[in-house]
Amino acid sequence: MADPPPPHHPPCAACAHQGRPSCPAGCPLAPYFPADRPERFEYANLLFGVDGILCRLEAAGPDTGL
Ligand SMILES: [Zn+2]
């Protein structure tokens with residue numbers, strides 16, 4: 001038999017890049033950089049860096065209510 005599945009989802013590509021074992025609750029990057037598309041994060045990281053990505057996501061905001 002194979003090993004049982006892990007109790008949580010794997011980290012998104014951004015969290016995996018930062019060495020996290022899993023995403024924090026409400027990880028803002030998970031919707032943009034799913035674990036199965038690491039090349040998307042690598043490309044964005046080359047362009048903006050992790051801090052730049054976070055700044056841009058905060059600036060864009062999913063739903064600010066405005
Ligand atoms: Zn994450």
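## Overall picture

Of this chain's 66 residues, 12% count as buried. Keep in mind as you look around that the model is predicted. Its secondary structure consists of 2 helices and 0 strands. As for how the chain meets itself, take the contacts between residues at least 6 apart in sequence: 30% of them join residues at least 24 apart.

## The nonpolar core

Which residues make up the largest nonpolar core? There are 7 in all: C12, A13, A14, C15, L29, F33 and F41. Helix α1 supplies the largest share of this core, with 3 residues.

F33 is a good place to start exploring. Leaving aside residues up to four places away in sequence, F33 touches C12, A13, A14, R40 and F41. Among these partners, C12, A13, A14 and F41 belong to the core together with F33.

## The bent helix

Now for α2, which runs over residues 38–60. How far apart are the end C-alpha atoms of this helix of 23 residues? They are only 22 Å apart, whereas a straight helix would reach 33 Å at 1.5 Å a residue. To see where the path turns, look at F48, where α2 bends by about 90°.

## The loop between the helices

Two neighbours in the loop are worth a visit, beginning with R20. This residue is found between α1 and α2. R20 counts as partly exposed because it has 13 C-beta neighbours inside 10 Å, a number that falls between the cut-offs of 12 or fewer for exposed and 20 or more for buried. Not counting residues up to four places away in sequence, R20 touches P11 and C15, and C15 is itself one of the core residues. The C-alpha atoms of R20 and P10 are separated by 9.4 Å, with the two residues 10 apart along the chain.

P21 lies in the loop as well, between α1 (13–17) and α2 (38–60). Is P21 buried or exposed? P21 is exposed, because 10 other C-beta atoms lie within 10 Å. P21 and P11 are 10 residues apart along the chain, and their C-alpha atoms are separated by 6.3 Å.

Technical notes
Residues numbered from 1 in each chain as written. Predicted model: local features only at pLDDT ≥ 70, side-chain atom pairs only at ≥ 80, totals over all residues. Helix = DSSP H or I, 4+ residues; strand = E, 2+ residues; numbered from the N terminus. Contact = placed C-beta atoms within 7 Å. Core = buried A, V, L, I, M, F, W, Y, C linked by C-beta atoms within 7 Å. Expected span 1.5 Å × (residues − 1). Bend = angle between axes of the 7 residues up to and from the residue.
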